[in-house]
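Please follow the chain through the structure below, beginning with a single residue and widening the view step by step.

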Amino acid sequence: MLKKVTLFSLLALSLVTMSGAALAASKIAYVEVGKVLQDSPQVKAVKEKIRKEFSKRDDQLVAEQKKLKKLKEKLKRDGSIMSEAEVKRLERDIIARTRKLKNAQSEFQEDLALRQNEELAKLRKAIAEVIVKVAKKGGYDLVLESGVVWANDKVNITKQVLKELKK
C-alpha cells in the first residue's frame, strides 16, 4: 500500500512539474479494472471452476444442515414422549452436530476465500499483462488503473483490454 502511495505521489509530482508542452505530448489512458474483472470471460470461467471444485463440500454441508433440522424437529415434536435419557442423548447429539457443522462451515468459507484469492491473483497478473500489451500497441506513455476522478472516453481503453482478453 505504501509502495502504491509513494508511486502515486511521484507520478502526481512529475505531472505537476512537467511543462505544458511535454504533458500535451504524453499519451495517457485509463482502465476500469473492476469492469474488466466483472466482464472478462476468464473471471466467469474461474467462478465456474471454483463452484465445481467446492460444490461437493457445499452439498455435504447443506445435507448436514437438513439432518440437524430434522433432529431438532424430532426433539421438539417427540421430546415429551421420550425418556429423559433419550432426550439428553438427542440434545447432546444436536449440540455436537451443531458444533461440527459450524466448524465445517467456517473451514469451508476459509478454503473458498483462499482459493478465490489465489485465482484472483493469477487473473490480475494476466490482466496486467494484457493492459501492458494494449498500452504498447496503442502507443500510450501512461495507463492509470484507479484514482481517476474523471477522464474523457477517448482515453478509456477498458473495451480494448476486454476485447484482447476474449481472444
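V36 has its place in helix α3, where helices (H or I, at least four residues) and strands (E, at least two) are DSSP runs, numbered from the N terminus. At 0% relative accessibility, V36 counts as buried; buried means under 20% relative accessible area, exposed over 50%, and partly exposed in between (1.4 Å probe, protein chains only). This is a predicted model, in which local features need pLDDT of at least 70 and side-chain atom pairs count only at pLDDT 80 or more, while totals for chains, interfaces and linings use all residues. Residues are numbered from 1 along each chain as its sequence is written, and side-chain values use heavy atoms, with hydrogens and water left out.

When residues up to four places away in sequence are not counted, V36 touches V31, I127, T158, V161, L162 and L165, contact meaning heavy atoms within 4.5 Å. The C-alpha atoms of V36 and K159 are separated by 8.3 Å, although these two residues are 123 residues apart along the chain.

Several of these partners lead to helix α6, residues 158-165, whose buried residues are T158, V161, L162, E164 and L165. They cover an arc of only 160° around the axis, which puts them on the same side of α6; the arc is that of the directions from the helix axis to the C-beta atoms. An α-helix has 3.6 residues a turn, so residues three or four places apart point the same way. On the other side of α6, K159 and K163 are exposed. What do the buried residues of α6 pack against? Their partners are β1 (28-30), α3 (33-39), α4 (41-78) and α5 (84-138).

Two of those partners, α4 and α5, also pack against each other, at an angle of about 170° and with their axes 10 Å apart. That makes α4 roughly antiparallel to α5, given that angles under 35 degrees count as roughly parallel, over 145 as roughly antiparallel, 65 to 115 as roughly perpendicular and the rest as oblique. The axes are lines fitted to C-alpha atoms, for helices over the stretch in contact, and the angles run from 0 to 180 degrees between N-to-C directions. The residues of the contact of α4 with α5 divide into 16 nonpolar, five polar and 15 charged, where Ala, Val, Leu, Ile, Met, Phe, Trp, Tyr, Cys and Pro count as nonpolar, Asp, Glu, Lys and Arg as charged, and the others, Gly among them, as polar.

Individual residues of these two helices can be examined in turn. T98, which belongs to helix α5, counts as buried at 19% relative accessibility, and T98 touches L68 and K72 when residues up to four places away in sequence are left out. K76, in helix α4, counts as exposed at 77% relative accessibility. The C-alpha atoms of K76 and V87 are eleven residues apart along the chain and separated by 9.9 Å.

In strand β2 (residues 142-144) lies V143, which is partly exposed, with a relative accessible area of 26%. Not counting residues up to four places away in sequence, V143 touches A29, Y30, V31, I131, A135 and I157. The C-alpha atoms of V143 and V132, eleven residues apart along the chain, are separated by 8.4 Å.

Taken as a whole, the protein has six helices and two strands, and read along the sequence it follows the pattern α-α-β-α-α-α-β-α. Of its 167 residues, 25% count as buried. Among contacts between residues at least 6 apart in sequence, 81% join residues at least 24 apart. The protein exposes about 12500 Å², of which carbon and sulfur atoms supply 58%, the accessible areas coming from the Shrake-Rupley method with a 1.4 Å probe and, for residues, only the protein chains shown counting as cover.
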